[in-house]
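Reader: I would like to go through this model at the bench, one question at a time. Could you take me through its fold, its chain contacts and its unusual backbone spots?

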Amino acid sequence: MKITGTFLDEISHDIPHQNWGRKEWDKDFAHMKAIGIDTVILIRSGYRRFITYPSDYLMNKFGCYTPPVDWVELFLQLADKYGFSFYFGLYDSGIYWDTGDMSHEIDANRYVIDEVWEKYGYYKSFKGWYLSMEISRGTKGAVEAFRTLGMQCKEKGTNLPTLISPWIDGKKAVLAASSQLKKEEVVSLTEHEKEWDEIFDGVKGAVDAVAFQDGHIDYHELESFFTVNKQLADKYGMECWTNAESFDRDMPIKFLPIKFEKLKLKLEAAAKAGYDKAITFEFSHFMSPQSAYLQAGHLFNRYKEYLNQLTTLK
Amino acid sequence: MKITGTFLDEISHDIPHQNWGRKEWDKDFAHMKAIGIDTVILIRSGYRRFITYPSDYLMNKFGCYTPPVDWVELFLQLADKYGFSFYFGLYDSGIYWDTGDMSHEIDANRYVIDEVWEKYGYYKSFKGWYLSMEISRGTKGAVEAFRTLGMQCKEKGTNLPTLISPWIDGKKAVLAASSQLKKEEVVSLTEHEKEWDEIFDGVKGAVDAVAFQDGHIDYHELESFFTVNKQLADKYGMECWTNAESFDRDMPIKFLPIKFEKLKLKLEAAAKAGYDKAITFEFSHFMSPQSAYLQAGHLFNRYKEYLNQLTTLK
Amino acid sequence: MKITGTFLDEISHDIPHQNWGRKEWDKDFAHMKAIGIDTVILIRSGYRRFITYPSDYLMNKFGCYTPPVDWVELFLQLADKYGFSFYFGLYDSGIYWDTGDMSHEIDANRYVIDEVWEKYGYYKSFKGWYLSMEISRGTKGAVEAFRTLGMQCKEKGTNLPTLISPWIDGKKAVLAASSQLKKEEVVSLTEHEKEWDEIFDGVKGAVDAVAFQDGHIDYHELESFFTVNKQLADKYGMECWTNAESFDRDMPIKFLPIKFEKLKLKLEAAAKAGYDKAITFEFSHFMSPQSAYLQAGHLFNRYKEYLNQLTTLK
């Protein structure tokens, strides 16, 4: 299972920013291409007051700050240059997390989708939409929000595909700002299947691909959960991707690059389950030779050796 | 608003030490000078048993360890070499934090000030005193301590200026060793104004400049708090500096370099409020091209580009 | 007190992995040799499902994952190449930590010892066994486990020496995954002496060397605890080593390299107490010039300068 996509972590939410400029990003896209990445997904176009492009709407409506760089433009230019597909991640006002009311996300993104398509829709690499709300079972209002947002996206332009990346409510599903690494109450495989069957039924037609985050369950649980995920995706006509997290959830430092062996276990479980595509969160902090975390460069080398082995085996 | 000063984080209190020797520090002063820094402030000359210079008094009185390097001498030599002003940060016995009794800090520093002035007062770059107790409203005994310590400093030598750097009791005012990023009970702007009016009234004449830490409130709150701070400083004849924190308080890793956009927002708010000077905590970990945190080198580059833009705009 | 040994942190338990391959490890052994290291100790051969060598027994019995690299073989080859002594660290099933029942560790390691000695016992550098359970007073069943495991090791081959590395139940004995740095209830020197006298009495003959971790007590407490440790080791005919932790327990980031001054205080306390040998946890993350933590390279330089000073003083 080869990683062919990565998130772009703008706006950085819980991973400290690397402060790269255009030169570093250009070089990073080259590093991505070198290992076969062809898809980049903007994790979110904004979070609360920080935004990735100078949106008149968001600055007026939510008091967002004028960004020093138009990241959307920069990433689209680089995606064009390197022949990548770019997925645009929607805006997250933060209001849902504070109030439990999802309607603000729907309203805000109606405008954002219009604005973005008008400003950037002509880029050749603009190939999809990422519904950026990270949900799990029990995220109130998520089904309706995803259906509505997904349809809003698909009505724009040329019916581009939509992607979601939910998390499995496993034992490592704890807050990044918590000092805990694990929790006691976790979802069973049966509950997971029942609940996501309902969720997928609710969003079918509005969501084209689902990339479950792979880091919240233990490594030996991957196979059974992945099998269920693939069956459900097949049932509702969605592509089943894996979001192979390249950071390590098992360590007190939240977060540094993952041990290669763990990434390998996760990718092999996805291959075994017949997944359609692997993307990662995310290349630039956790797998890039120019990451501020030098472990990432070594992970890049280990991963390249692994790719060579795969090729040789064939 | 250009950053023209930085703290020197010896004794490192909650930021892991970089283990630099003279060579690295010399190079770092050169990097500082390259972006216009002209002032270095020793964050504290000692904390509990760790001290920055071989103080007979502190070793005898508090059982402090003999430091492997005389950092005060080293920094003064480099400050002389690069034409910087050096502020000496007072000793913190830790007793106040354990007992709530400020008298030990006053007593200990009476001797420290004598000792230090005698040993190092002749350095050309010895240009001020930093009253190193980090306080906020409700720090019991702080007003009297600052008045007493400030006057003790000013009576030495040639009446050198004194500096304090308190924190605003905002939502990010949580302990570094806590896993939390925010707290619920925060000071209102009105309370802040009322309480600091009293504090400034109490320390006037003993404190020449106040550099509020800028990281404990949200970015959109900066303008109103900064305006109040400047008005209060003006009222009591103090210079109003900003302590622009170059580390990121919003991330689970405590602490790595700040995202440039955030630093820019804070500097611009200080400029808007008419602040007199910007210093940072601190250059060597969070903005230096040779920092162990490679994000810092990129922040250095982004900041330099910003300085160039400012110059071009003029 | 010169550091002449280091742990090898495979399996990484709470320190993020560096993802090194053979090339980096070879270079690291050269760096170790350059400062006088002659002993490497595998911290554990496995923890729960992750293992360092392809153990048929552990894969069948505990469902362990096939490791992508045979680390035991790699480390033994490098130890042979550089003329080091290699200590093999036993397997930790994790069951004790979950259930308080130590019998699984004893049973599992009976097989591991057989398997490992058969596979790797012929390596010239295979010179000892490390009983990898990190215990302190009150670790239920530890005395019997250490006695049994130690004897099992010593019965293999040529009666190779056995090593343990317990921790002192001091104020910094808190969980890595906790956000706390200190705790309130700590062991007194008298309790420490009484309890370890009993533990040593129970394991005598089965354990040849004890290397107390030096990071759980305050620096000014080192001398008295170290003196007691040495007296007890002498009484029971064990060698007394110090496990000089080269990471900093006093910082919110868990963990980065230690400030050199602190390491120096700890090594000097061990020298003063007449300790037999100093090892560190561990060179490759916290003292190596090629560590992902660049502070480690500076610590390496400071430590080398210190070694030169020691030589000059003689």
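Author: Buried area is the accessible area, taken with a 1.4 Å probe, that two parts lose on being put together, summed over both. Please keep in mind throughout that this is a predicted model.

Reader: What share of the area buried between chain A and chain B do carbon and sulfur atoms give?

Author: The contact draws on 30 residues from chain A and 24 residues from chain B. Between them, chain A and chain B bury about 2,200 Å², and the share of this area given by carbon and sulfur atoms is 62%.

Reader: Which three residues of chain A supply more of the area that chain A buries against chain B than any other three?

Author: On the side of chain A that touches chain B there are 15 nonpolar, 10 polar and five charged residues. Of the area that chain A buries against chain B, 28% comes from three residues, more than from any other three, and these are Asn19(A), Phe50(A) and Tyr65(A).

Reader: Which residue of chain B forms a salt bridge with Glu24(A)?

Author: Across the interface of chain A and chain B there are two salt bridges, and five residue pairs are in polar contact, both residues being at pLDDT 80 or more. A salt bridge here needs a side-chain nitrogen of Lys or Arg within 4 Å of a carboxyl oxygen of Asp or Glu. With the closest N and O atoms 3.8 Å apart, Glu24(A) has as its partner Arg302(B).

Reader: Turning to chain C and chain A, how far apart are the closest N and O atoms of Glu24(C) and Arg302(A)?

Author: This contact takes 30 residues from chain C and 24 residues from chain A, and the area buried between the two chains is about 2,200 Å². In chain C, the residues that lose the most area to chain A are Asn19(C), Phe50(C) and Tyr65(C), together 28% of what that side buries. Two salt bridges are counted between chain C and chain A; in the one that Glu24(C) forms with Arg302(A), the closest N and O atoms are apart by 3.8 Å.

Reader: Within chain B, which residue of strand 9 stands opposite Leu163(B)?

Author: Chain B holds a closed barrel of eight strands in the order 1-2-5-7-8-9-10-11, with parallel pairing, and the twist from one strand to the next averages 30 degrees. Two bridges join strand 8 (residues 162-164) to strand 9 (residues 209-213) of chain B. Opposite Leu163(B), in strand 9 of chain B, stands Ala209(B).

Reader: What angle does the direction of helix 5 of chain B make with that of strand 7?

Author: Helix 1 (residues 22-34) of chain B packs on the sheet and touches strand 1 and strand 2, its direction making about 155 degrees with that of strand 1. Helix 5 (residues 103-120) of chain B also packs on the sheet, where it touches strand 5 and strand 7, and its direction makes with that of strand 7 an angle of about 165 degrees.

Reader: Where in chain A does Arg48(A) lie?

Author: Most residues other than glycine have a negative phi, and most peptide bonds are trans. Arg48(A), although not a glycine, has a positive phi of about 55 degrees. Its place is the loop between strand 3 (46-47) and strand 4 (50-51) of chain A.

Reader: What is omega for the cis peptide bond that joins Phe281(C) and Glu282(C)?

Author: In chain A, a cis peptide bond joins Glu10(A) and Ile11(A), with omega about -5 degrees, and Ile11(A) lies in the loop between strand 1 and helix 1. In chain C, Glu282(C) lies in the loop between strand 11 (277-281) and helix 10 (283-286). For the cis peptide bond that joins Phe281(C) and Glu282(C), omega is about -25 degrees.

How values were computed:
Residues are numbered from 1 along each chain as its sequence is written. Chains are lettered from A and ligands numbered from 1 in the order in which they are written. This is a predicted model: local features need pLDDT of at least 70, side-chain atom pairs count only at pLDDT 80 or more; totals for chains, interfaces and linings use all residues. Side-chain values use heavy atoms; hydrogens and water are left out. Two strands pair if DSSP finds at least two bridges between them. Helices (H or I, at least four residues) and strands (E, at least two) are DSSP runs, numbered from the N terminus. Axes are lines fitted to C-alpha atoms, for helices over the stretch in contact, and angles run from 0 to 180 degrees between N-to-C directions. Contact means heavy atoms within 4.5 Å. A polar contact is a pair of N or O atoms within 3.5 Å; within protein, one must be able to donate a hydrogen and the other to accept it, and residues adjacent in sequence count only if both atoms are side-chain atoms. Ala, Val, Leu, Ile, Met, Phe, Trp, Tyr, Cys and Pro count as nonpolar, Asp, Glu, Lys and Arg as charged, and the others, Gly among them, as polar.
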